[in-house]
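Q: Please take one part of this model and go through it slowly, then tell me about its surroundings. I'd like the definitions spelled out as you go.
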Amino acid sequence: MQLLRDILDKQVVDREQVKIGKVDSLIAELSPGKPPRVIAVELGSIALARRLGSAPGRWTAKLAARLSGRRQPRPHRIAWNKVRDIGVDIEFDIDVRRTRIFAWQDWLREHVVGRIPGA
Amino acid sequence: MKKLLEISLGVVTSVGGFLEVGSMATAAQAGALFGFQLIWAVALGTICIIFLVEMAGRFAAVSHHTIADGIRERFGFNAFIWPLLATLLVNFLVLSAEIGGVAVAAELATGISFRWWALPVAFLAWLLLWKGTFGLIEKGVSMLGLVTLCFVVAAVMLRPEWKEVAVGAVPSLPHHDTAKYWFMAVSILGASISPYLFMFYSSGAIEDQWDKSYLGANRAIAGLGMSFGGTISVGVLIVAAIVLGAHGVTEVDDYNQLPLMLIPMFGFWGFVLFVASLAIACFGAALEVALQQAYLVAQGFGWTWGEDLKPRDDPGFSLVYTLTLFLAAVPIALGLDPLKLTIFSMALTAASLPLTVVPFLFLLNDDRYVGKHRNGMVSNAAVIFVIALGFVLAVVTIPLQIFGGT
């Protein structure tokens, strides 16, 4: 398996098969004398913007800080040892409702979409 | 039997997707100004879109990925962002043009200026997407689209010289208005080979949970559906060539001239049929383009998507089509000429083709996605041809836009 080819940009689902995002970046651990080891995947706009360059990454982080009210927003991380299955999608043994990954969708549901009749 | 039903439904659906304001307006303009001479552009565009749609369906059925998913996964986000932005922009203009088409139909029917219709039309489309399911939109709306067959009936009733029609199917050089001729050809190709068509088709295949057993049906739907759509476009062109030409209208620069087309054949009902065809074809296309916009964003970023879900279960997805629809109505509400916008957006669509079609060459030849169902020689040759065509169109569209555009 080639990490960049086969994992990066794949659809991520949780254990209920809910689509929660794409693998926006990979986090590897470097230790001297050993090959790099993947320890986590990252999801979210900050991770994505960093791939376009350091400037877009900084702007997105600033924007995210303003929107979320947190001082140092970070991309969402899922530990690699939670991987359950790699097929069409990559499935992690997590429940998205217990993470902050869908915080913005929850906000939208509560403040915008849910207020429109028929939603 | 069930498959047969599915294929017929699919064919009807693709006709609904194929015929929209772009193909109607470009075919009518081309017919009025150049007679049958540009039929070849409709035929060429139809053949190209048959290949692309078949591939999009095959890719989805075998790999369970939509085209957008495939492009991002195979080429990475940094490459995906270009087709993403280009398609979002082109789709937005096309959507605006479709809303304009429905609004013009409403103006023709009521006498109230199209500007006032833009927002109500967007609202009605939004309501259907908000409350409706994929099946309702795919099948219900495109069934109504069969009314556009009246153009084929009219074309046959007008008894054209079929020999001349056949001659028009072979490309030839123009005798007058050279820049305009090529600009029309480019616009017709753009109207036929729309990225939203094949991208929407691959999303639909996933929504309808296609698998390998659908490969045969996919081939039939792509081939028959698109040829059917192309035939209606040729019908529009023939009617425009004979009727508008006979009335001395060579330049369709005002949509008020268009309903003339069916009146000699069907009288008052010709007017009604024209208005209904325009409204239904454009409305169906508006629904598909707005949905495709939401599919594209949701698939590109991995959000939950699906037209059968309730909006509260995919708030990101629902918000994208909501915003797109209302924003796209704004230029029309402000009075932008729908016909000019249509022709412009069709030419731009043609120019954006390489960005969305180049990935086909890789995706459809990659064992990891399509296994043994990869492209044969003919399909690959077709993709390369569309790419080459797209590049030429991209290079010539801008100068033609300046010298030949309306």
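A: What follows is a strand-by-strand look at chain A, and then a shorter look at its neighbour.

A bit of bookkeeping: residues are numbered from 1 along each chain as its sequence is written, while chains are lettered from A and ligands numbered from 1 in the order in which they are written. This is a predicted model, so to speak of a local feature takes a pLDDT of at least 70 and to count a side-chain atom pair takes 80 or more, whereas totals for chains, interfaces and linings use all residues.

Let's start with the four-stranded sheet. It is open, lies in chain A, and its strands come in the order E2-E1-E7-E6 with mixed pairing. Here strands (E, at least two residues) and helices (H or I, at least four) are DSSP runs numbered from the N terminus, and two strands pair if DSSP finds at least two bridges between them. In general, strands of a sheet pair through backbone hydrogen bonds, either parallel or antiparallel.

At the edges sit E2 (19–22) and E6 (83–86) of chain A, each paired on one side only. On average, neighbouring strands in this sheet are turned by 25° against each other, direction ignored; the angles are taken between axes, which are lines fitted to C-alpha atoms (for helices, over the stretch in contact), and run from 0 to 180 degrees between N-to-C directions.

Now go across it. From the E2 edge, E1(A) and E2(A) are antiparallel and share three bridges, with A:Val13 partnered by A:Lys19 in E2(A). These two strands make a hairpin with five residues between them. Further in, E1 (residues 11–13) and E7 (residues 90–92) of chain A run parallel and are joined by two bridges; A:Val12 faces A:Ile90 of E7(A) there. At the far side, E6(A) and E7(A) are antiparallel with three bridges, and A:Asp85 is opposite A:Glu91 in E7(A). That pair is a hairpin as well, with three residues between the strands.

Two loop residues beside E1 deserve a stop. A:Asp9 lies between helix H1 (3–6) and E1 of chain A, and its phi is near 70°, a positive value in a residue other than glycine. A:Gln17 sits in the loop between E1 and E2 of chain A, with a phi near 65°, again positive in a residue other than glycine.

Is each of them buried or exposed? The test counts other C-beta atoms, placed from the backbone, within 10 Å of the residue's own: 20 or more is buried, 12 or fewer is exposed, and in between is partly exposed. A:Asp9 counts as buried because it has 26 such neighbours; A:Gln17 has 8, so it counts as exposed.

Next, the three-stranded sheet. It is also in chain A and open, in the order E3-E4-E5, with antiparallel pairing. E3 (25–29) and E5 (76–79) of chain A are its edges, each pairing on one side only, and the twist averages 35° from one strand to the next. Inside it, E4 (residues 37–43) of chain A meets E5(A) in the antiparallel sense over four bridges, where A:Ala40 stands opposite A:Ala79 in E5(A).

What does chain A lean on? Chain B has 18 helices and zero strands. Its radius of gyration (taken over C-alpha atoms) is 20 Å, close to the 22 Å that the globule rule gives for 406 residues, so chain B is as compact as a globular protein of that length; the rule is 2.2 Å times the number of residues to the power 0.38. Of the 406 residues in chain B, 59% count as buried.

The contact between the chains takes 22 residues from chain A and 21 residues from chain B, where contact puts C-beta atoms, placed from the backbone, within 7 Å. On chain B's side, H4 (67–75), H5 (77–110), H6 (114–131) and H15 (315–333) each supply at least two residues. H15(B) gives the most, with four. That side of chain B divides into seven nonpolar, eight polar and six charged residues; Ala, Val, Leu, Ile, Met, Phe, Trp, Tyr, Cys and Pro are nonpolar, Asp, Glu, Lys and Arg charged, and the others, Gly among them, polar.

Definitions and conventions. Two residues are in contact if their C-beta atoms, placed from the backbone, lie within 7 Å.
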